[in-house]
Amino acid sequence: VQLQASGGGVVQAGSSLRLSCAASGRTFSSSSMGWFRQAPGKEREFVAAINWSGGTYYADSVKGRFTISRDNAKNTVYLQMNSLKTEDTAVYYCAARWSRVSLIITRYDYWGQGTLVTVSS
């Protein structure tokens, strides 16, 4: 299984950005997908997750601003990030597992390489 994350960049606070994660190597439509992030000097943390049927889960810090979605025809999961804040600056990772959706980092089996999001004030 390979996961390829993209879409990071440098934006100003209040802006929007959409991250993408393309998956290959296994039946995407039956996967649970998650987005996690790691800020400098901090531990990796949960951001959002989506199960095979489209059910979504969010960290409190991003609820109402971020939206996770999936396109099974394109084997891709997205993270739409609106109203970005400086504290959203981090490397964002997508992850996959072929079992029940989880908010726990260690339960994901496959990880993308990460894409850097920098939000300036």
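**Exercise 1. Characterise the setting of tyrosine 57.**

Solution. Tyrosine 57 belongs to strand β6, residues 56-58, where a strand is a DSSP run (E) of at least two residues, numbered from the N terminus. The model is predicted, so that local features need pLDDT of at least 70 and side-chain atom pairs pLDDT 80 or more, while totals for chains, interfaces and linings use all residues. Residues are numbered from 1 along each chain as its sequence is written, and side-chain values use heavy atoms, without hydrogens or water.

Next, consider accessibility. Tyrosine 57 is partly exposed because its relative accessible area is 32%; buried means under 20%, exposed over 50%, and partly exposed in between (1.4 Å probe, protein chains only).

Finally, Tyr57, Leu103 and Ile104 make a nonpolar surface patch of about 240 Å². Such a patch joins nonpolar side chains (Val, Leu, Ile, Met, Phe, Trp, Tyr) within 5 Å, from residues with over 30% relative accessible area and no salt bridge, that is, no side-chain nitrogen of Lys or Arg within 4 Å of a carboxyl oxygen of Asp or Glu. Areas come from the Shrake-Rupley method with a 1.4 Å probe.

**Exercise 2. Determine whether threonine 76 is buried or exposed, and describe its surroundings.**

Solution. Threonine 76 is located in strand β8. Threonine 76 counts as buried because its relative accessibility is 9%.

Leaving aside residues up to four places away in sequence, threonine 76 touches Ser20, Cys21, Ala22, Phe28, Ser69, Arg70 and Asp71; contact means heavy atoms within 4.5 Å. A polar atom of the threonine 76 side chain lies 2.8 Å from the backbone oxygen of lysine 74. The C-alpha atom of threonine 76 is 17 Å from that of tyrosine 57, with the two positions 19 residues apart along the chain as their separation.

The preceding residue deserves a check of its backbone. Asparagine 75, in the loop between β7 and β8, has phi near 55 degrees, a positive value in a residue other than glycine.

**Exercise 3. Identify which residues have the most contacts inside the largest nonpolar core.**

Solution. A nonpolar core is a set of buried Ala, Val, Leu, Ile, Met, Phe, Trp, Tyr and Cys residues joined through side-chain atoms within 4.5 Å. The largest has 34 residues, and Trp35, Leu79, Met81 and Tyr92 have the most contacts inside it. Elements giving two or more residues to this core include β1 (2-6), β4 (32-38), β8 (76-81) and β9 (90-97).

Leucine 79 serves as an example: beyond four places in sequence, its contacts include Trp35, Val47, Phe66, Ile68 and Tyr92.

How values were computed: Helix = DSSP H or I, 4+ residues; strand = E, 2+ residues; numbered from the N terminus. Polar contact = N/O pair within 3.5 Å; in protein donor to acceptor, adjacent residues only side chain to side chain. Patch = residues over 30% accessible without salt bridge, like charges linked within 9 Å, V, L, I, M, F, W, Y side chains within 5 Å.
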